[in-house]
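Please open the structure in your viewer and keep the sequence panel visible beside it. The tour proceeds by selections, each followed by a description of what is found there.

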Amino acid sequence: MNRSFLIIPFVALVLFSTSIYSSVGQSNIAVKADIGRPGDPGKVSRTIKLTQVDNMFLPSELTVSAGETIRFVIKNGGNNKHEMLIGSMADLKKIANMRRKFPEMNHPEAHLIQLEPGEQKELIWQFTDVGTVDFACPLPGHFKKMRGKITVEKK
Ligand SMILES: [Cu+2]
């Protein structure tokens, strides 16, 4: 009888850690059809410049066409480290939660851009489906404000 009380928290712990590890795995699959995929540098149709300040993206609303491959030039114009990640809001939230829970972990999302203050990097991305795609800086304390939306219109 008493033993079952000990077993339950243990099972809960195992389930909890399993769900964490599976969400780490899923973050690599953040490249779903609806958000698009890393693009071919040879097919870039447009360059869009994004500036990060503490703590927002400028601009934070963009419009692209379905099928279009964009070269994002992202500059960290703030005084803090920032990141940029394209995804569905659900995936971005998952990743932001991971950052909060395990700030010391190095997070391996394939298309995550990490920028030191003053740094500039590029991300080439092809948008495939009509709809909206989100992007954000998933760092703790940034995520609620540092968000943006990309409207993908029919060609
Ligand atoms: Cu940030």
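Select threonine 151 and display the residues around it. Apart from neighbours within four places in sequence, threonine 151 is in contact with Leu62, Thr63, Val64, Gly131 and Thr132. The model is a predicted one, and in it threonine 151 belongs to strand β10. Is this residue buried, partly exposed or exposed? Its relative accessible area is 32%, so threonine 151 is classed as partly exposed.

Add threonine 132 to the selection; threonine 151 in β10 is the residue that stands opposite it. Then draw a distance from threonine 151 to valine 133: the C-alpha atoms are 6.5 Å apart in space, although 18 residues separate the two in sequence.

Now extend the selection to the whole of β9 and β10. How many bridges pair these two strands? The pairing of β9 with β10 is antiparallel and comprises six bridges. Next, add β6, which runs antiparallel to β9 and is joined to it by three bridges. Within this selection, locate leucine 85, whose bridge partner in β9 is alanine 136.

Stay on β9 and select aspartate 134, which is found in that strand. With a relative accessibility of 8%, aspartate 134 counts as buried. Which residues surround it, leaving aside those within four places in sequence? Aspartate 134 is in contact with Leu85, Ile86, Gly87, Ser88, Met89, Leu92, Gly148 and Lys149. Zoom in on Met89 in particular: a polar atom of the aspartate 134 side chain lies 3.4 Å from the backbone nitrogen of methionine 89.

Proceed to the copper ion and show its ligands as sticks. Which protein atoms act as its donors? They are ND1 of His82, SG of Cys137, ND1 of His142 and SD of Met146, at 2.0 to 2.5 Å from the ion. Along the chain, the donors follow the spacing H-x54-C-x4-H-x3-M. Distant parts of the chain are linked here: histidine 82 lies in strand β6 (residues 82-87), whereas methionine 146 lies in the loop between β9 (131-136) and β10 (147-153), 64 residues away.

With the four donor atoms displayed, inspect the angles at the copper ion. Why is the arrangement irregular? The angles subtended by the four donor atoms run from 87 to 140 degrees, and a tetrahedral assignment would require all angles to lie between 85 and 135 degrees. Switch to a surface representation to examine two of these ligands. Histidine 82 has a relative accessibility of 0% and therefore counts as buried. Methionine 146 is likewise buried, at a relative accessible area of 0%.

Leave the metal site and select β1, β8, β5, β2 and β3. In that order, these five strands form an open sheet with mixed pairing. Which strands stand at its edges? They are β1 (37-38) and β3 (56-58); each has a single partner strand, so one side of each lacks a neighbour in the sheet.

Within this sheet, isolate strand β5 (residues 69-76). Its pairing with strand β8 (residues 120-126) is antiparallel, over seven bridges. To follow this pairing residue by residue, label phenylalanine 72, which stands opposite leucine 123 in β8, and isoleucine 74, whose bridge partner in β8 is lysine 121. Then turn to strand β2 (residues 46-53), which runs parallel to β5 and is joined to it by seven bridges. Here glutamine 52 stands opposite asparagine 76 in β5. Six of the eight residues of β5 are buried, so the strand is largely enclosed by the rest of the structure.

Finally, restore the full view and colour by secondary structure. The protein has two helices and 10 strands, which follow the pattern α-β-β-β-β-β-β-α-β-β-β-β along the sequence. Among the contacts with a separation of 6 or more, 76% are between residues 24 or more positions apart. Of the 155 residues, 39% are buried. As a last step, show the accessible surface, which comes to about 8900 Å², with 57% of it belonging to carbon and sulfur atoms.

Methods:
Residues are numbered from 1 along each chain as its sequence is written. This is a predicted model: local features need pLDDT of at least 70, side-chain atom pairs count only at pLDDT 80 or more; totals for chains, interfaces and linings use all residues. Side-chain values use heavy atoms; hydrogens and water are left out. Donors are N, O and S atoms within 2.8 Å of the metal (3.2 Å for Na, K and Ca); water is not among the atoms, so sites may look incomplete. Four donors count as tetrahedral if all angles lie between 85 and 135 degrees; four count as square planar and six as octahedral if opposite donors are over 155 degrees apart and all others between 65 and 115; anything else is irregular. Helices (H or I, at least four residues) and strands (E, at least two) are DSSP runs, numbered from the N terminus. Buried means under 20% relative accessible area, exposed over 50%, partly exposed in between (1.4 Å probe, protein chains only). A polar contact is a pair of N or O atoms within 3.5 Å; within protein, one must be able to donate a hydrogen and the other to accept it, and residues adjacent in sequence count only if both atoms are side-chain atoms. Contact means heavy atoms within 4.5 Å. Accessible areas come from the Shrake-Rupley method with a 1.4 Å probe; for residues, only the protein chains shown count as cover. Two strands pair if DSSP finds at least two bridges between them.
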